[in-house]
Amino acid sequence: MNVKRLDSVKSEKTHWKTAFIYLLILAPLFFLIYGFGNTYTAGLPPEKVKEICFSWEKNIPFLSWTILPYWSIDLLYGLSLFLPMTKFALRQHALRLLTATPIAVFFFCLFPLTFSTPRPETTGVWKFLFDFLMGFDKPYNQAPSLHIILLIIIWRIYLPHFGQWMKWFWNFWCILIGVSVLTTFQHHFIDIPPAIALGIVICYIFPLDNYCRWRWEKIKSGKLSAIYLAGFLLFAVIPLFLDSYGGFLLWWLSFSCLMIALGYLGLFNVFQKKENGHFSFAAGIIFFPFRMLNRLIRYFFFPVGKEEREISEGIFLGPVQAVKNTRCSAVLDLCGEYSRQADIRKAYQSIPIIDLAVLNQKELSQSVQALDEMHEKSGTVLVHCALGLSRSVSVVSGWLIFSGKADSVDEALELLKQKKYSFVLSPKHIKALNEYRNTIKTND
């Protein structure tokens with residue numbers, strides 16, 4: 001069963017006029033910018049244009065027929081703008097395509113490379129396609145491979161539009177396109193990994209889901225932001241002193257730390273957790289090392305129980321692990337850093353809050369309102385964050401006051417203590433709850 005946001009399903013359509021305008025802008029810009037990179041590198045002295053090739057690449061065969069999948073990306077590029085999608089998604093996709101070319105050409109000019117291995121002679125239609133390609137694409141513009149960057153972007157935009165069997169064919173064809181940059185003797189292997197990384201980052205910068213759009217809110221924690229910024233600098237510098245490929249993993253973790261630091265400075269939903277509880281494709285990859293490290297730290301240093309506990313009639317609290325065995329018919333997920341754990345058949349809502357953050361008044365009000373509606377409709381609701389100690393406790397405490405089951409923050413927390421539920425709330429959490437309580441009483 002596929003889960004889609006209802007508003008997205010209703011508004012997904014082909015915006016022909018807008019797509020055509022984007023294509024009229026993107027096509028000439030692509031040829032102008034890409035052509036500039038080729039011309040610039042071709043005009044440099046030969047000693048300034050390097051070639052990086054691993055010895056094992058000599059075993060890569062030349063397959064003339066792979067020029068067909070290689071060329072197919074041009075057609076797929078143009079048609080991708082006419083896929084059914086929301087206006088927001090179309091704009092974001094166009095921005096992805098627009099951004100990819102100048103970023104790649106910037107690196108082409110900064111680190112000029114060439115491909116000098118002679119290409120075997122071809123005949124027939126393959127010769128025509130190669131000759132046509134060489135009329136425009138000189139053996140420069142190497143790393144990062146723009147072909148691969150665009151492949152990442154185009155692969156993801158088409159994928160949701162196919163059924164299960166077509167997805168298999170589509171993935172296979174995209175693999176052929178990726179391999180073709182080597183088997184047509186257009187690129188060396190060194191051009192591919194940075195292109196994949198850039199493609200993923202571009203997808204992350206321009207999310208297709210409106211819920212994941214970038215916006216600034218109030219600062220969550222300057223102290224935690226500084227800690228993650230320090231982590232960003234540390235993991236970025238260490239690889240400079242390493243000779244192994246492990247440095248790429250540290251740079252990967254470094255970028256994760258940078259984005260989380262921005263999250264604590266108020267950048268909303270840096271993990272790009274969608275309303276269905278799953279991460280965007282790019283965010284899922286970008287934060288993978290962070291999430292693995294985070295899980296290990298919590299497993300060894302912050303062990304908590306896995307059971308939910310009923311705080312009020314139909315309202316349950318617990319950590320993320322409690323979701324798998326919950327008896328509740330609905331789940332309110334406050335984790336920003338964990339993907340959806342709930343059974344797809346349960347009523348579910350995600351309000352992603354970054355870890356250790358104090359909920360602001362907007363987040364408290366939104367979360368409490370969501371909890372009240374879910375409780376009314378479903379009867380039993382599990383509210384969880386990662387450890388079930390602060391974010392979820394803040395929301396349930398706010399709901400106890402909102403529903404009249406507690407008259408003050410102290411009374412709400414006393415109810416939790418009576419249920420022998422452990423929690424960790426800082427003075428800032430208490431202050432935010434008191435502000436929320438005063439707002440409710442003023443409105444009453």
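Why is strand β4 largely enclosed by the rest of the structure? Keep that in mind as you read; the points below work towards the strands step by step.

1. Start with the overall picture. This is a predicted model, and the protein has 444 residues. Its secondary structure comes to 16 helices and five strands. Along the principal axes, the C-alpha trace spans about 80 × 50 × 35 Å.

2. Next, look at inside and outside. Buried residues account for 48% of the protein. About 22800 Å² is exposed, and carbon and sulfur atoms supply 65% of that area. The protein carries 44 positive and 32 negative charges, and the mean positions of the two sets are 1 Å apart.

3. Now think about how the chain meets itself. Among contacts with a separation of 6 or more, 78% are between residues 24 or more positions apart.

4. The largest nonpolar core is worth finding on your screen. It has 108 residues, and those with the most contacts inside it are Leu146, Ile149, Leu150, Leu332 and Leu371. Helix α6, which covers residues 146–158, gives the most to this core, with 10 residues. There is also a second, separate core of eight residues, including Phe316, Val323, Ala342 and Leu382.

5. Try clicking on Leu371. Leaving aside residues up to four places away in sequence, Leu371 touches Ile315, Leu332, Val381, Val383, Val395, Val396 and Trp399. Two of these names, Val381 and Val383, will come back when we reach strand β5.

6. Strand β3 (residues 330–335) pairs with two other strands. With β4, which spans residues 347–353, β3 runs parallel over five bridges. With β5, β3 is also parallel, joined by four bridges. Follow Asp333 to see both sides: its bridge partner in β4 is Ser350, while its partner in β5 is His384. Likewise, Leu332 stands opposite Gln349 in β4, and Val331 stands opposite Leu382 in β5.

7. Is β3 mostly covered or mostly open? It is mostly covered, since six of its six residues are buried. Ala330, Leu332 and Leu334 point one way, whereas Val331, Asp333 and Cys335 point the other way. Leu332 is also one of the residues with the most contacts inside the largest core.

8. Strand β5 (residues 381–384) shows a similar alternation to follow by eye. Val381 and Val383 point one way and Leu382 and His384 the other, and all are buried. Leu382 belongs to the second core, whereas Val381 and Val383 touch Leu371. Besides its pairing with β3, strand β5 is joined to β2 (residues 315–318) by four bridges, again in parallel. Within that pairing, Leu317 has Val383 as its bridge partner.

9. Finally, back to the opening question about β4. Five of its seven residues are buried, so β4 is largely enclosed by the rest of the structure. As you saw, β4 pairs with β3 in the parallel sense. Happy exploring!

Conventions:
Residues numbered from 1 in each chain as written. Predicted model: local features only at pLDDT ≥ 70, side-chain atom pairs only at ≥ 80, totals over all residues. Heavy atoms only, no water. Core = buried A, V, L, I, M, F, W, Y, C linked by side-chain atoms within 4.5 Å. Buried < 20%, exposed > 50% of the residue type's maximum accessible area, 1.4 Å probe, protein only. Contact = heavy atoms within 4.5 Å. Areas by Shrake-Rupley, 256 points an atom, 1.4 Å probe, with all protein chains shown as cover. Lys, Arg positive; Asp, Glu negative; His and termini not counted. Charge placed at Lys NZ, Arg CZ, Asp CG, Glu CD. Pairing = 2+ DSSP bridges.
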